[in-house]
Amino acid sequence: MERFLLVYRAAPEGAAGAQHDPQRWAAWFDALGAHLLERGSRGQGSVAIDTRLAGPKSSASALAGYSVLGASDFNEAVRLAQQCPIFDEHGSLEIAHLAP
């Protein structure tokens with residue numbers, strides 16, 4: 001089983017209907033079963049640093065957290081991620097294949 005990093009991005013500040021639902025997340029984590037290798041953690045705010053000289057600035061879409069999934073390939077990782085509650089919160093996610 002390959003490992004995949006899911007990075008959650010929150011909805012833009014002030015987006016309508018962007019409310020976190022812990023019960024929905026717990027149900028999704030439970031449904032992942034053995035595919036959930038690391039539940040990860042929620043983020044508590046973030047800044048973007050584009051270059052060393054520019055310093056931090058507000059991020060267009062705040063990092064909201066991460067998880068690590070196990071899947072046979074990218075297609076399975078995407079299939080598992082499609083039910084993620086971040087989409088119900090008007091956010092998005094990125095998936096990265098982790099090196100062995």
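Me: In which helix do tryptophan 25 and phenylalanine 29 both lie, and how many residues apart are they?
Reply: In this predicted model, tryptophan 25 and phenylalanine 29 are separated by about one turn of the helix they share. An α-helix has 3.6 residues a turn, so residues three or four places apart point the same way. The two residues belong to helix H1, and their separation is 4 residues.

Me: Is the aromatic pair of tryptophan 25 and phenylalanine 29 stacked, edge-to-face or tilted?
Reply: The search of the whole structure finds 5 aromatic pairs, and one of them joins tryptophan 25 to phenylalanine 29 with 5.9 Å centre to centre. The angle between the planes is 50°, and because stacked requires under 30 degrees and edge-to-face over 60, this pair counts as tilted.

Me: Do tryptophan 25 and phenylalanine 29 count as buried or exposed?
Reply: Tryptophan 25 has a relative accessibility of 8%, and phenylalanine 29 has a relative accessible area of 8%. Because the cut-off for a buried residue is under 20%, tryptophan 25 is buried, and phenylalanine 29 is likewise buried.

Me: Where do the buried residues of H1 lie around its axis, on the same side or spread out?
Reply: The buried residues of H1 are Trp25, Trp28, Phe29 and Leu32. They cover an arc of only 100° around the axis, whereas Gln23, Asp30 and Ala31 are exposed on the other side of H1. The narrow arc therefore places the four buried residues on the same side of H1.

Me: Which elements do the buried residues of H1 pack against?
Reply: Trp25, Trp28, Phe29 and Leu32 are the residues of H1 that are buried, and the packing partners of this set include both strands and a helix. These partners are E1, E2, E5 and H2.

Me: Which residues touch the most other members of the largest nonpolar core?
Reply: In soluble globular proteins, nonpolar side chains tend to be buried together. The largest nonpolar core here has 17 residues, and two or more of them come from each of strand E1 (2–9), helix H1 (22–32), strand E5 (63–71) and helix H2 (74–81), with H1 giving the largest share, 4 residues. The members that touch the most others are Tyr8 and Trp28.

Me: Which residues form one aromatic cluster?
Reply: Two of its members, Trp25 and Phe29, are a tilted aromatic pair within the structure, and Tyr8 and Trp28 join them in the cluster. The full cluster is Tyr8, Trp25, Trp28 and Phe29.

Me: Over how many bridges do E1 and E5 pair?
Reply: E5 is mostly covered, with 7 of its 9 residues buried. Strand E2 (residues 36–42) runs antiparallel to E5 and is joined to it by 4 bridges, with serine 41 opposite tyrosine 66 in E5. E1 also pairs with E5 in the antiparallel sense, tyrosine 8 standing opposite glycine 65 in E5, and the E1 to E5 pairing extends over 8 bridges.

Me: Which residues is glutamate 76 in contact with, leaving aside its neighbours within four places in sequence?
Reply: Glutamate 76 has its place in helix H2, and because its relative accessibility is 17%, it counts as buried. Beyond the neighbours set aside, glutamate 76 is in contact with His35 and Ala71.

Me: What pattern does the protein follow when read along the sequence?
Reply: The protein has 2 helices and 6 strands, and among contacts between residues at least 6 apart in sequence, 73% join residues at least 24 apart. Along the sequence, the pattern is β-α-β-β-β-β-α-β.

Key: Residues are numbered from 1 along each chain as its sequence is written. This is a predicted model: local features need pLDDT of at least 70, side-chain atom pairs count only at pLDDT 80 or more; totals for chains, interfaces and linings use all residues. Side-chain values use heavy atoms; hydrogens and water are left out. A nonpolar core is a set of buried Ala, Val, Leu, Ile, Met, Phe, Trp, Tyr and Cys residues joined through side-chain atoms within 4.5 Å. Buried means under 20% relative accessible area, exposed over 50%, partly exposed in between (1.4 Å probe, protein chains only). Two strands pair if DSSP finds at least two bridges between them. Contact means heavy atoms within 4.5 Å. Rings of Phe, Tyr and Trp (its six-membered ring) pair if their centres lie within 6.5 Å; planes under 30 degrees apart count as stacked, over 60 as edge-to-face and the rest as tilted. The arc is that of the directions from the helix axis to the C-beta atoms.
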